[in-house]
Amino acid sequence: MSDPSPNVNISLVSFTDLVKALREALGLAGDVQKIVASTSQAYQRFKDRKAARQLGALSFPPDETRQYLGRIANGEGTPEDFEAIRRRLSETGGEIESCIAGLDKYSDVIREKFGLEVAHKWTDLIHGYDGKASIRFALEMFAEQGDESFYDAAAVAKEAGWILESIDSLNHRLVEMHDMVLGLGEK
């Protein structure tokens with residue numbers, strides 16, 4: 001009866017070939033690792049850009065709600081200004097809610113990349129006393145005043161001014177977070 005195991009004869013040449021093959025396999029594994037790392041970085045960059053776009057969507061551009069508030073704050077507001085604010089809030093509500101939900105999910109990335117203190121600022125930017133959600137709520141309540149004639153014009157103008165200041169502060173903080181998320185300003 002013959003031995004079922006084949007005779008293995010490893011010569012110096014075949015050992016060298018084995019080492020070369022192993023070296024190539026390790027090189028291929030290194031290439032795969034680089035590809036995976038590059039893909040992971042590209043995906044993270046995609047998520048960063050998406051969060052930056054969502055932050056941009058939370059800002060108040062000067063040519064919309066802010067212009068109406070400015071007129072009201074200067075005592076020059078009309079019922080149409082209040083209606084325009086209500087209409088704008090209604091038009092953007094779905095988009096803003098979607099952005100807020102996306103940014104809430106991104107908060108773990110902020111905590112991991114920038115630390116807990118920045119993560120708290122991130123949450124405040126969205127949900128805090130002077131965050132986007134709170135300002136939108138204040139705007140909704142404010143815009144309803146346009147339908148009532150018994151509100152004191154000076155008090156309404158003062159409230160419009162306060163909301164404008166809150167919006168300016170929010171926009172400034174949104175720019176800072178936007179640039180931080182994208183790594184702008186880093187050298």
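**Exercise 1. Contacts and overall make-up**

Determine what share of the contacts in the protein between residues at least 6 apart in sequence join residues at least 24 apart.

*Solution.* Among contacts between residues at least 6 apart in sequence, 74% join residues at least 24 apart. The model examined here is a predicted one. Its secondary structure consists of six helices and zero strands, and the order of elements from the N terminus is α-α-α-α-α-α. Of the 187 residues in the protein, 32% are buried.

**Exercise 2. The buried side of α5**

Establish which residues of α5 are buried and where they lie around the axis.

*Solution.* Step 1 concerns the helix itself. Helix α5 covers residues 132-144, 13 residues in number. From its first C-alpha to its last it reaches 19 Å, close to the 18 Å expected at 1.5 Å a residue.

Step 2 lists the buried residues of α5: K132, I135, R136, A138, L139, F142 and A143.

Step 3 places them around the axis. These residues cover an arc of only 160°, and therefore they lie on the same side of α5. The general rule is that an α-helix has 3.6 residues a turn, so residues three or four places apart point the same way.

**Exercise 3. The pairing of α4 and α5**

Classify the arrangement of α4 and α5 as roughly parallel or roughly antiparallel, and describe the contact that joins these helices.

*Solution.* Step 1 takes the geometry. The axes of α4 (residues 116-127) and α5 come within 3 Å and cross at roughly 15°. Because angles under 35 degrees count as roughly parallel, α4 is roughly parallel to α5.

Step 2 identifies the residues in contact. Helix α4 contributes L125, I126 and H127, while α5 contributes K132, A133 and S134.

Step 3 sorts the residues of this contact by character: three are nonpolar, two polar and one charged.

**Exercise 4. Helix α2 and the loop that follows**

State which elements the buried residues of α2 pack against, and decide whether T78 is buried, partly exposed or exposed.

*Solution.* Step 1 names the buried residues of α2, which are T65, Y68, L69, G70 and I72. They pack against α3, α5 and α6 (153-182).

Step 2 moves past the helix. Just after α2, G75 takes a positive phi of about 80°. T78 is located in the loop between α2 (65-73) and α3 (79-114).

Step 3 settles the exposure of T78. Its relative accessible area is 31%, so T78 is partly exposed.

Step 4 relates T78 to the helix before it. T78 and Y68 are ten residues apart along the chain, and their C-alpha atoms are separated by 8.9 Å.

Conventions:
Residues numbered from 1 in each chain as written. Predicted model: local features only at pLDDT ≥ 70, side-chain atom pairs only at ≥ 80, totals over all residues. Heavy atoms only, no water. Helix = DSSP H or I, 4+ residues; strand = E, 2+ residues; numbered from the N terminus. Expected span 1.5 Å × (residues − 1). Buried < 20%, exposed > 50% of the residue type's maximum accessible area, 1.4 Å probe, protein only. Arc of directions from axis to C-beta. Axes fitted to C-alpha atoms, helices over the stretch in contact; angles between N-to-C directions. Parallel < 35°, antiparallel > 145°, perpendicular 65-115°, else oblique. Contact = heavy atoms within 4.5 Å. Nonpolar A, V, L, I, M, F, W, Y, C, P; charged D, E, K, R; others polar.
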